[in-house]
Amino acid sequence: CDRAYPLPDTGQIKLYKELKCPLDQFELLLVANKVGKTYPLCPMCYNEPPFGGNKTSCWDCEHPTCKHGKRAVGVLSCPDEHCRGTICLDVNSAPKWQMDCNMCNFQIKLFQDQAHKIVVKQDECEECGSRLLEVTFNQKKSPLKDGSLERTACVVCDDAFNELVLAGHGQNFRKGKGKGKGKKGKGKGKGKAKKNVDPR
């Protein structure tokens, strides 16, 4: 047919492991832009946002069961005072783990490339409302002072985690810049759907 689905015109685009959107069963794409930000995208949702608003990536999606949406990978509000976005874990960034804002180019480099696995927990930090990260470090490469290989904590408020991050826009990173920024967006990382059902 003649149906076309325009896509972002910046960066490289490829199929995303033959994974499909739970809303419309379209195959997902993986978009990588010039500043090192990589995020999943559904062609249908990008052109016809299921929850309204502008063109959307999976990181903007409020669907309650999507493994790629904001509820699954959103961690905290963007520390940039001019941005209303959410910092999301890039699950494809291993071993050079990073988190990226779903609206601007703010990035957070995590754990000096020494983490083996990172999972965003549903639990929130009692102090700032950011989602906790469950981290498994590489054997013999733990950057933690006590040498432990596993830790679950807030990347904003936990000193052991916070001193192992580099934050900034694009390639200009500043160590520990995210500390103390979680309070302004309590609970925002998880996001709340307008309806707890598929809109389609």
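**Exercise 1. Find out how exposed Glu134 is, and then look at its salt-bridge partner.**

Step 1. Glu134 has a relative accessible area of 31%. Buried means under 20% relative accessible area, exposed over 50%, and partly exposed in between (1.4 Å probe, protein chains only). Glu134 is therefore partly exposed.

Step 2. A word on the source: this is a predicted model, in which local features need pLDDT of at least 70 and side-chain atom pairs count only at pLDDT 80 or more, while totals for chains, interfaces and linings use all residues. Residues are numbered from 1 along each chain as its sequence is written, and side-chain values use heavy atoms, with hydrogens and water left out.

Step 3. A salt bridge is a side-chain nitrogen of Lys or Arg within 4 Å of a carboxyl oxygen of Asp or Glu. Glu134 and Lys121 form one through their side chains, at 3.5 Å from N to O. This pair links distant parts of the chain, 13 residues apart: Glu134 lies in strand S9 (residues 131–137) and Lys121 in strand S8 (residues 115–124). Strands here are DSSP runs (E, at least two residues) and helices are too (H or I, at least four), numbered from the N terminus.

Step 4. Lys121 has 25% relative accessibility, so Lys121 is partly exposed.

**Exercise 2. Which residue forms a salt bridge with Asp158, and how far apart are the closest N and O atoms?**

Step 1. The partner is Arg151, and the closest N and O atoms are 2.8 Å apart.

Step 2. Asp158 is buried because its relative accessibility is 16%. Arg151, at 28%, counts as partly exposed.

Step 3. For another pair, turn to Glu62 and Lys70, whose side chains meet at 3.1 Å, N to O. Both Glu62 and Lys70 are buried. The count for the structure is 5 salt bridges.

**Exercise 3. Which residues line the largest cavity?**

Step 1. A cavity is a set of points on a 1 Å grid over the protein atoms alone where a 1.4 Å probe fits but cannot get out; lining residues have an atom within 4 Å of a point. The search finds 2 cavities of 30 Å³ or more.

Step 2. The largest has a volume of about 60 Å³, the space filled by probe spheres set on points joined across faces, edges and corners.

Step 3. Its lining consists of Cys21, Leu28, Cys42, Cys45, Tyr46, Thr56, Ser57, Cys58, Cys61 and Cys66.

**Exercise 4. How many helices and strands does the protein chain have?**

Step 1. The chain has 3 helices and 12 strands.

Step 2. Of its 200 residues, 49% are buried.

Terms used:
On a 1 Å grid over the protein atoms alone, a cavity is a set of points where a 1.4 Å probe fits but cannot get out, and a pocket is an open set with protein on both sides within 12 Å along at least five of seven lines; lining residues have an atom within 4 Å of a point.
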